[in-house]
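Please look at the model below and ask how each descriptive term is justified. The replies set a value against its cut-off before drawing a conclusion.

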Amino acid sequence: MSKWLRRLLLAFYLPVSQNLILAGHKLLALLSAQGASGLAASFWVQFLLVATLVPGLYLHVMPARDRVKMPLRLRVMLGGRGLIFCGLYGMVMQVLVFLGLYPGLVAGDFGLVAAGVLLANGIWALCSAFLFLANGVVRIFCTSKRLSIVRRLVMLLTMWIPLVNLAVLLYACRLVYEEYDFERDKLLLRNLRTDTKLCATRYPLLLVHGIGFRDLRYFNYWGRIPRELMRNGAVIYYGNQEALGTVAYNAEDIRRRILEIRQETGCEKVNIIAHSKGGLDARYAISCLDMAPYVASLTTMNTPHRGCRFVDYACRLPEGLYRFVAGCFDRTFRKFGDRNPDFYTATHQFSTEETARLNDCMPDAPGVYYQSYMSKMKYAFSHLLLAVPYCMIRPLEGDNDGLVSVASARWGEFQGVISNAHSRGISHGDMIDLKREDYRGFDVVETYVQIVAALKDRGF
């Protein structure tokens, strides 16, 4: 059944189903006027009930259909959107039905029995429309990824405010459709790329995380990115360096990891993709720990190569307070597996003075291809946790991602600033799929697919 035929049938079905009691009453009156027996009248009324309720039950269970086989979550979500529109359409049509019958009620053309039927019919119509809305809202509330916790709270708080709840509901439906459309296009693209090995680089990829994280088994620092890269032929390894190690200490971990990968795979070199402080750790390993012969390329994402002005301000905090906070972090991260956490030194290495000193001792190594990417937020509240550092960096260094400025992230062949056409922008954490969310105008997973595909095209 085509989409438009389905919509046409729904346009006729919904008003009929919501006026089932009135339709049954009119049918009985018509059969009685024609002298039909009670058995015949009962048969036709039951037929009307079955013909109306069975499609309605099916519609509530299977509201969405698509030629593309989508995951169950997305089918449930899109069906919820359809049910919401069914409920809203039913309400509008019921208002028109009421307006059509209202003159007859005022003129007294309906008897007491008919008036009772109209009242029962109105209650039925209201319950029917509410059931569509409730089913739809529950579906999108439980399945949509773009409906953040804040948006869900807004939906709950505005549920009983007329007109406001309608505006919020329509906005949620728009987000749901954008999410479904995005996922559908991605699935189609993925099907087209079957067996193309778009990301099958000559050398394996080594992903190096930033500060404050570890390469955990059940929470991937890189979100959905590694899985999609591997689906397109990439071979992925992780740096496994410490969360709060210094640049030199973590660089030693990366050195050992590169040698392990060479021994395991037999490859001569690796391609490193590093985020945030991981870019500094990787550069140190290449330039100061003799790893240049074993690294084909280094791609840094939002790395503070020239420091963070925000850290310059943080370093001015009272020494005793800073060391107390550092000690708390060190004790915590030892429990997560860090052997030698050093929050105090590691964070100070983000200052503009310390990064300048590091840059002097780790110049680019000949034979290694260096490139860098950067993102930027559009305004302070693009990411609430980064609002303060964003405001501190913006007047001094301009565009930034909430922690690192564009000027600081430029290194090697700068590939440009990643953003979107909407007001939110792309934050420091968005560049590693930290929240596992898709943003309008920006596909973080596809961004990395294209980065790795470009490395493959360069022969790396």
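**Reasons behind the labels**

Q: Why are helix 9 and helix 10 called roughly perpendicular to each other?
A: In this predicted model, helix 9 (residues 247-265) and helix 10 (residues 277-288) pack at an angle of about 70°, with their axes 8 Å apart. Angles of 65 to 115 degrees count as roughly perpendicular, and therefore the label applies to helix 9 and helix 10. The crossing of these two helices is, in addition, right-handed.

Q: What makes Asp 433 count as buried?
A: Buried means under 20% relative accessible area, and Asp 433, with a value of 2%, is therefore buried. Asp 433 belongs to the loop between strand 6 (413-418) and helix 17 (444-457), and its phi is near 60°, a positive value in a residue other than glycine.

Q: Is Arg 436 buried, exposed or partly exposed, and how do you know?
A: The relative accessibility of Arg 436 is 22%, and since partly exposed covers the range between under 20% and over 50%, Arg 436 counts as partly exposed. Arg 436 also sits in the loop between strand 6 and helix 17, and has a positive phi of about 55° although it is not a glycine.

Q: Why is Glu 353 called exposed?
A: Exposed means over 50% relative accessible area, and Glu 353, which has 64%, is therefore exposed. Glu 353 is part of helix 14 (residues 352-361).

Q: Why does Leu 153 count as partly exposed?
A: Leu 153, in helix 6 (residues 149-157), has 47% relative accessibility and so counts as partly exposed, the cut-off for exposed being over 50%.

Methods: Residues are numbered from 1 along each chain as its sequence is written. This is a predicted model: local features need pLDDT of at least 70, side-chain atom pairs count only at pLDDT 80 or more; totals for chains, interfaces and linings use all residues. Side-chain values use heavy atoms; hydrogens and water are left out. Helices (H or I, at least four residues) and strands (E, at least two) are DSSP runs, numbered from the N terminus. Buried means under 20% relative accessible area, exposed over 50%, partly exposed in between (1.4 Å probe, protein chains only). Axes are lines fitted to C-alpha atoms, for helices over the stretch in contact, and angles run from 0 to 180 degrees between N-to-C directions. Angles under 35 degrees count as roughly parallel, over 145 as roughly antiparallel, 65 to 115 as roughly perpendicular and the rest as oblique. A crossing is left-handed if the near helix is turned anticlockwise from the far one by less than a right angle, and right-handed if clockwise.
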